[in-house]
Amino acid sequence: MSERGDEAVARVRELTNGFGAHSVLECVGHGQSVETALGIVRPGGAVGRVGLPQHEQIPSTTATFFDNVSIAGGPAPARAYIEELLPDVLDGRIEPGRVFDRVVRIDEVPEGYRAMNEREALKVMIEF
């Protein structure tokens, strides 16, 4: 799905027969992505926020309050898992590359961000 903003909300509502999604993961933290997440969640649903918030306030608080939407989130506790998982990655037992669909060198990082922004890539890996 490549739609954004109001088009994304309309598309999700269409796919869910007007109900919206029960569980939504907001992974960006910017205004439009937060508003989209809150627009596609169904009443009684939940929004998990893992994107670093770029704004002090969450929009649509009155609507989400009366729709009984749960909003929670925080940073991923990556350090809690790294000692256990990194050896598996390095030994090839876990392949994190399945998440990445583009590889860039360190001097191409701006291009990687542009590709994600333009929906040409989902997740970019930086190769050193």
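Are Phe65 and Phe66 buried or exposed? Both residues are exposed. The legends below describe a predicted model.

**View 1. The whole chain, an alternation of helices and strands.** The protein chain holds 5 helices and 5 strands. Read along the sequence, the pattern is α-β-α-β-α-β-α-β-α-β. The C-alpha trace spans about 50 × 30 × 30 Å along its principal axes. The chain has 128 residues, and 22% of them count as buried. About 9600 Å² is exposed, with carbon and sulfur atoms supplying 55% of that area. Take the contacts between residues at least 6 apart in sequence: 39% of these join residues at least 24 apart.

**View 2. Strands E1 and E2, joined through helix H2.** Strand E1 covers residues 21-26, and strand E2 covers residues 41-49. The two run parallel, with 5 bridges between them. One end of the pairing can be read residue by residue: Glu26 has Arg49 in E2 as its bridge partner. From E1 the chain passes through H2 and on to E2, a β-α-β crossover that is right-handed.

**View 3. Helix H2 and its cover.** Which residues of H2 are buried? They are Ser33, Val34, Thr36, Ala37, Leu38 and Ile40. Their cover includes two helices, H1 (5-15) and H3 (61-66). Strands E1, E2 and E3 (70-73) also take part in covering them.

**View 4. Thr36, a buried residue of helix H2.** Thr36 sits in H2, which runs over residues 31-40. Its relative accessible area is 14%, so Thr36 counts as buried, the cut-off being under 20%. What does the side chain of Thr36 find 2.8 Å from one of its polar atoms? The backbone oxygen of Gln32 lies there. Neighbours within four places in sequence aside, Thr36 is in contact with Gly5, Ala8 and Val9. Helix H1 spans 5-15 and is part of the cover over the buried residues of H2.

**View 5. Phe65 and Phe66, an edge-to-face pair.** The structure holds 1 aromatic pair. Phe65 and Phe66 form it, with 5.1 Å from centre to centre and 85° between the planes. Edge-to-face applies because the angle of 85° is over the cut-off of 60 degrees. Both rings belong to residues that are exposed. Helix H3 (61-66) is among the elements covering the buried residues of H2.

Key:
Residues numbered from 1 in each chain as written. Predicted model: local features only at pLDDT ≥ 70, side-chain atom pairs only at ≥ 80, totals over all residues. Heavy atoms only, no water. Helix = DSSP H or I, 4+ residues; strand = E, 2+ residues; numbered from the N terminus. Buried < 20%, exposed > 50% of the residue type's maximum accessible area, 1.4 Å probe, protein only. Polar contact = N/O pair within 3.5 Å; in protein donor to acceptor, adjacent residues only side chain to side chain. Contact = heavy atoms within 4.5 Å. Pairing = 2+ DSSP bridges. Right-handed = clockwise from strand over helix to strand, strands pointing away. Phe/Tyr/Trp six-rings, centres within 6.5 Å; stacked < 30°, edge-to-face > 60°. Areas by Shrake-Rupley, 256 points an atom, 1.4 Å probe, with all protein chains shown as cover.
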